[in-house]
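User: I would like to learn how to read the features of a structure, beginning with contacts between charged side chains. Please give the general idea before each case.

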Amino acid sequence: MSTDVKRGIRAVPGNFVPLIEIDNLQVEYLAGRGSVRAVDGVSFSIGKGEVVGLAGESGSGKSTIAQAIMRILQPPAIITGGKVLIEGKDVLQMSDKQIRDFRWDEVSMVFQSAMNSLNPVMTVGDQIIDAILAHRKISEQQAREQAKEMLRIVGIEADRIDSYPHQLSGGMRQRAVIAIALALQPPLMIMDEPTTALDVVVQREILAKITELREQFGFSILFITHDMSLLVEISDRIAIMYGGEIVEMAPSRELFENPLHPYTQGLMASFPALTGPRKRLEGIPGSPPDLISPPSGCRFHPRCPHRFGPCDSIHPPLIEVRPNHFVACHLHTTPEGSAQ
Amino acid sequence: MSEQRDLVLDVQHLTKHFPMGGMRDARKVHAVEDVTFSIPRTEIVTLVGESGSGKSTTARLISRLIEPTSGEVIYNGTDVLKSQPRGASLDYRGDVQMVFQDPFGSLNPAHTIGYHIERPLLIHKKVSGRKELRERVLDLLNTVGLGPAEETAEKFPYELSGGQRQRVGFARALSVEPKVILADEPVSMLDVSIRVGVLNLMKRLADDSGLSFLYITHDIASARYISDHTNVMYAGRMVEGAPSDELVHEPAHPYTRLLLSAVPNPHAGLRTQETVARGEIPSLIDPPPGCPFAARCPHVMPVCREVMPNAVTIAPNHWVRCHLYGDGGVSPLPTAANSVG
């Protein structure tokens with residue numbers, strides 16, 4: 001593993017102020033047949049007020065990164081290296097007490113399926129109040145008022161505060177989950193596939209709401225999804241993950257218009273477009289890698305249509321090939337590659 | 001809507017009301033209401049709609065996993081509900097096969113892939129003898145792109161990826177030499193890079209093997225990609241049907257327009273300013289008369305809340321159920337320009 005190469009991704013220029021920096025993060029799952037390095041030397045930062053998108057297929061490690069930032073990974077998953085710095089403090093070094101204060105106050109999370117992340121035997125109001133009272137020394141009455149305000153903010157009538165999750169529709173439940181995540185107004189929200197289980201029309205409403213809230217409160221978002229078209233719409237920068245590593249990262253427009261990594265290109269060519277000519281798509285042949293024995297060299301080489309000389313033996317480092325556009329591919333980072 | 005074309009399946013006024021379940025509760029859930037459409041031979045026809053729109057129930061009614069309240073399912077010119085009132089015959093079940101959404105739940109974890117494909121071959125008596133059985137299994141695995149077949153046949157479901165499992169679903173459906181495959185969200189649980197492969201497989205089977213497909217999805221872009229004709233369902237009703245490309249470019253029904261405007265489109269940027277219809281899909285329990293979309297429709301008129309509009313043909317093979325069109329309607333909406341980029 002060439003984790004010796006520090007695959008750091010620096011900031012977008014201009015008024016970029018980093019909020020959180022993930023530095024060479026490594027997470028392993030201890031499995032029967034050996035350990036799986038689910039996240040292997042991932043580095044990136046998220047600026048204040050920035051939306052960073054993390055894309056990749058199942059098993060690429062994107063949700064594991066989210067859980068590592070929150071430190072909610074359970075054995076057999078263990079963080080084996082790296083740093084997660086938020087305003088200078090390393091989350092991975094925090095004591096139990098510190099981490100309890102950090103969670104929700106500084107980083108909150110919206111989980112994949114709103115259906116399952118709400119407690120079915122508690123009203124949505126109580127679940128918001130719970131989050132507030134765990135962190136703020138205020139009266140229950142005050143917390144209740146705040147909870148009502150949060151529901152209003154996400155577009156749920158305040159008198160639904162005493163509703164149980166099953167009395168709400170899927171879209172309302174997902175908005176309630178966002179209200180809980182917003183309750184303490186943390187500077188960073190991690191959203192792990194927040195709209196995957198929803199219908200497109202509802203998804204559109206939720207995304208519009210998220211964008212509106214971000215403009216209002218200025219929090220940052222780490223947005224995780226496998227839906228590239230969605231990600232291009234909502235994020236400022238996008239990182240593409242494959243086999244536990246970031247293989248490309250760039251501002252969304254740039255990545256969409258000029259994808260450099262063959263995997264990114266394959267992903268872009270995998271979803272049928274609504275407009276333009278109806279042309280045949282090919283997808284990406286093969287299957288995602290088995291991380292117990294990952295392919296040598298570049299992990300994408302067995303599926304790559306452009307592989308050549310060094311691909312099966314040398315691991316390509318993530319290199320900035322254009323301003324703010326990083327790619328880990330020999331095609332773009334070696335002289336032989338450029339000639340291909 | 002149905003003309004002289006060669007229809008393999010013709011569904012007329014299909015309706016399914018589920019009882020609420022209580023002893024004294026006479027209320028009914030109107031899951032599918034007066035659904036009419038057809039599948040021409042070797043074509044792929046899509047039913048698109050959101051969850052709860054009745055699209056999966058429609059497929060289950062056609063496959064006769066559940067029995068309809070009323071309506072006709074005409075297969076090769078015969079109404080199978082009338083001719084086989086006690087449930088579908090083995091022949092019909094063989095001819096009309098289903099592929100399910102969840103490739104993880106639809107295979108038995110205790111049996112090999114080979115076993116899953118052998119079962120229908122034996123039940124439908126498609127082979128004579130072990131040797132032919134083995135050959136057919138390997139042949140089918142190759143057809144769906146699961147080579148090397150000898151190896152795949154010995155594997156268990158957990159050893160395959162989602163996309164490969166869905167291909168097993170197709171191999172199993174194909175084993176009984178069906179004429180029609182009802183594919184219920186066959187790619188929605190698969191990774192993006194794998195989806196296109198499964199869609200292409202369906203397209204190839206329609207083009208080369210003369211199969212017809214009912215493709216059920218909530219993804220209107222994939223409907224445009226593989227299907228010839230797309231029907232839009234909303235709250236148990238069919239609201240619009242058109243050639244797939246035309247539906248995307250010239251949607252007529254306000255609901256179709258809403259659906260299209262909600263699809264993420266990287267070319268357009270996030271369109272938060274757009275007037276999105278608010279509100280939820282109406283309750284299907286004893287719904288009020290009128291158009292089910294009336295409560296959310298930006299163009300709603302008094303008549304919409306009282307009378308269900310009839311289907312009006314507005315172009316060849318393009319019909320819509322909306323009071324804005326046809327008799328008593330106001331002039332049609334301005335065309336496509338305001339829908340998709």
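User: Which side chains meet in a salt bridge with a distance of 3.5 Å?

Analyst: A salt bridge is called when a side-chain nitrogen of Lys or Arg lies within 4 Å of a carboxyl oxygen of Asp or Glu. A:Glu212 and A:Lys209 form one, at 3.5 Å from N to O. This is a predicted model, in which local features need pLDDT of at least 70 and side-chain atom pairs count only at pLDDT 80 or more, while totals for chains, interfaces and linings use all residues. Side-chain values use heavy atoms, with hydrogens and water left out, residues are numbered from 1 along each chain as its sequence is written, and chains are lettered from A and ligands numbered from 1 in the order in which they are written.

User: Where in chain A do A:Glu212 and A:Lys209 lie?

Analyst: Helices are DSSP runs of H or I with at least four residues, strands are runs of E with at least two, and both are numbered from the N terminus. A:Glu212 and A:Lys209 are both in helix α7 (residues 200-217) of chain A, three residues apart, or about one turn of the helix.

User: Does one call A:Lys209 buried or exposed?

Analyst: The classes rest on relative accessible area: buried is under 20%, exposed is over 50%, and partly exposed is in between, with a 1.4 Å probe and protein chains only. A:Lys209 has 15% and therefore counts as buried. Its partner A:Glu212 has 40% and counts as partly exposed.

User: What does the salt bridge between B:Glu185 and B:Lys55 link?

Analyst: In chain B, the side chains of B:Glu185 and B:Lys55 meet at 3.6 Å, N to O, in a salt bridge. This pair links distant parts of the chain, 130 residues apart: B:Glu185 is in the loop between β7 (180-184) and α8 (192-209), and B:Lys55 is in helix α1 (residues 55-63). B:Glu185 is buried because its relative accessible area is 8%, and B:Lys55 is buried with 6%.

User: Which helices hold B:Arg134 and B:Glu154?

Analyst: The two side chains form a salt bridge of 3.3 Å, N to O, between B:Arg134 and B:Glu154. B:Arg134 lies in helix α5 (residues 130-143) of chain B and B:Glu154 in helix α6 (residues 149-154), so the pair ties together parts that are 20 residues apart in sequence. B:Arg134, at 32% relative accessibility, is partly exposed, and B:Glu154, at 47%, is partly exposed.

User: Which residues are joined into one network by salt bridges that share partners?

Analyst: A:Glu28, A:Arg37, A:Asp40 and A:Arg299 are joined in this way. Over all chains, the search of the whole structure finds 28 salt bridges.

User: How does one read the backbone? Where is there a cis peptide bond?

Analyst: The omega angle is what to check here. The bond between A:Pro75 and A:Pro76 is cis, with omega about 10°. A:Pro76 sits in the loop between α1 (62-70) and β4 (77-86) of chain A.

User: What is the phi of B:His13?

Analyst: Phi of B:His13 is near 50°, which is positive in a residue other than glycine. B:His13 belongs to strand β1 (residues 7-19) of chain B and is partly exposed, with a relative accessible area of 45%. B:Glu185, already met in a salt bridge, likewise has a positive phi near 50° and is not glycine.

User: Which residues is B:Val127 in contact with, leaving aside neighbours within four places in sequence?

Analyst: Contact means heavy atoms within 4.5 Å. On that basis, B:Val127 touches B:Leu121, B:Leu122, B:Glu132, B:Leu133 and B:Arg136. B:Val127 is in the loop between α4 (113-123) and α5 of chain B, and its relative accessibility of 16% makes it buried. The C-alpha atoms of B:Val127 and B:Cys291 are 51 Å apart, with the two positions 164 residues apart along the chain.

User: Why does the radius of gyration of chain A agree with a compact globule?

Analyst: The radius is taken over C-alpha atoms, and the globule rule is 2.2 Å times the number of residues to the power 0.38. For 340 residues, that rule gives a value near 20 Å, and chain A has 21 Å, so the two agree. The C-alpha trace of chain A spans about 70 × 50 × 45 Å along its principal axes. The secondary structure of chain A consists of twelve helices and twelve strands, and buried residues make up 57% of its 340 residues.
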